[in-house]
Amino acid sequence: MGNLFRDIIFITLGALAYALSVTFLIIPNNLGDGGLTGISVILHYAFGWSPGIVNFILATIVILIGYRVLPRRNIFLTVLAAPLISLFIFITENNIEPLGDPLVSAIFAGFFGGIGTGLIFRTGSSMGGTSVIARMLHHTLGWDLTRTNFAFDAVVVLSGLFIIGTLNTMYTIILLFIGKKASDLIIEGLDPRKAVSVISTQAPEITDEVIRQMDTSATVFKGYGGYLKKEADMSYIIINKYQLMKLKRIINSVDDKAFVVIHDVRDVFGGSFSWGKK
């Protein structure tokens, strides 16, 4: 129950942030957007229709058609998120003065809209737009989700060429790029992790030093070097990026000939990363 209440708070805040980015920054500065909101904004420019009402109608149709292919929890949260976005757009869509600088407006619209989108997606919900259509086509025709969703958004954005012009369409592409980065930041968190693979004949000793000096866990795998034709164990260690220099010093102090590979990690949970909670 506590998680559901938290998700509702996230969805409400996310819907508000996204809606305000549309009504305070996108529409007054004649910019576009992707998804159903982008269609609503274009129709507003072309015919003067309320973007809040149009977005609500389009989202309702999409959800009613696609409810069979979405998980039940996702449907519940989407039914909450999509009307909230439309409601917040509707009550704030009038009489907003433009900033006078479309580029700055695009940057901040992407930032705040991305934060709102990230908060919504973090709950496992969707915004009831082109992502639902993409999921339906994936379910019925086997189309790739990411490519289908990208294709729909590209069609919506490029259709704005005829309404807002080439320059503002390019600003819109900047807006979407920043929005994607901002939403990824919210979804993935502010503390990215690094996975470090250390191939060394002294991997167990390196692991012991890492555990002793850094208070984190490490795993040793048995390996075989294809080039030297010798056994060579591998230590696998997960750390945050601020610990990387210290780890390098530990590895070098034990085996300065160790082969080290460092990769970015999207998410980590369990193991030593849960010790603090325990």
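# A walk through the model

D233 has a relative accessibility of 11%, so it counts as buried, because the cut-off for that word is under 20%. Keep in mind as you look around that this is a predicted model.

## Salt bridges

Let's stay with D233 for a moment. Which residue does D233 pair with in a salt bridge? The partner is K222, and the closest N and O atoms of the two are 3.6 Å apart. D233 sits in strand 5 (residues 233-240), while K222 is in the loop between strand 2 (218-221) and strand 3 (224-225), so the pair links parts of the chain that are 11 residues apart. Unlike its buried partner, K222 is exposed, with a relative accessible area of 74%.

How many salt bridges does the structure hold? There are 6, and the table shows some of them, including the one you just met.

| Salt bridge | N to O distance |
|---|---|
| R6 and D7 | 3.2 Å |
| K194 and D264 | 2.4 Å |
| D233 and K222 | 3.6 Å |

Take the pair K194 and D264, whose side chains meet at 2.4 Å. K194 belongs to strand 1 (residues 193-200) and D264 to strand 6 (residues 259-265), so this bridge ties together parts that are 70 residues apart in sequence. D264 is exposed, at 61% relative accessible area.

Then there is R6 with D7, a salt bridge at 3.2 Å. Are the two residues buried or exposed? R6 comes out as partly exposed, with 41% relative accessibility, whereas D7 counts as buried at 2%.

## The nonpolar cores

Now for the inside. In soluble globular proteins, nonpolar side chains tend to be buried together. Here, the largest nonpolar core has 24 residues, and those touching the most other members are V22, I26, L31, V41, Y45, I85 and L175. Which elements give two or more residues to this core? They are helix 1 (2-26), helix 2 (35-47), helix 4 (72-92), helix 5 and helix 8 (161-188). Helix 1 gives the largest share, 7 residues.

Try clicking on V41 to see a piece of this core. Leaving out residues up to four places away in sequence, V41 touches V22, I26, I27 and L31. There is also a second, separate core of 14 residues, with L244, I250, I251 and A258 among them.

## Helix 5, end to end

Helix 5 covers residues 102-122, which makes 21 residues. From its first C-alpha to its last, helix 5 reaches 29 Å, close to the 30 Å expected at 1.5 Å a residue.

What caps the N-terminal end of helix 5? That job goes to D101: one of its side-chain oxygens lies 3.1 Å from the backbone nitrogen of L103. After the helix comes G124, whose phi is positive, near 90°.

In between, quite a list of residues is buried, including A106, A109, G110, G113, G114, T117 and I120. S105 is also in helix 5, and S105 counts as buried because its relative accessible area is 0%. The side chain of S105 makes a polar contact with the side chain of N29, at 3.1 Å. Not counting residues up to four places away in sequence, S105 touches L25, N29, L31 and L99. You've already met L31, one of the well-connected members of the largest core.

Another serine to look at is S86, which is found in helix 4. S86 counts as buried as well, at 3% relative accessibility. Leaving aside neighbours within four places in sequence, S86 is in contact with G52, N55 and F56.

## Two positive phi values

Finally, have a look at two loop residues. N30 has a phi near 60°, a positive value in a residue other than glycine. You'll find N30 in the loop between helix 1 and helix 2, where it is partly exposed with a relative accessible area of 30%.

D215 has a positive phi too, near 55°, and is also a residue other than glycine. Where does D215 sit? Its place is the loop between helix 9 (203-214) and strand 2. D215 is exposed, with a relative accessible area of 61%.

Key. Residues numbered from 1 in each chain as written. Predicted model: local features only at pLDDT ≥ 70, side-chain atom pairs only at ≥ 80, totals over all residues. Heavy atoms only, no water. Helix = DSSP H or I, 4+ residues; strand = E, 2+ residues; numbered from the N terminus. Expected span 1.5 Å × (residues − 1). Buried < 20%, exposed > 50% of the residue type's maximum accessible area, 1.4 Å probe, protein only. Polar contact = N/O pair within 3.5 Å; in protein donor to acceptor, adjacent residues only side chain to side chain. Salt bridge = Lys/Arg side-chain N within 4 Å of Asp/Glu carboxyl O. Core = buried A, V, L, I, M, F, W, Y, C linked by side-chain atoms within 4.5 Å. Contact = heavy atoms within 4.5 Å.
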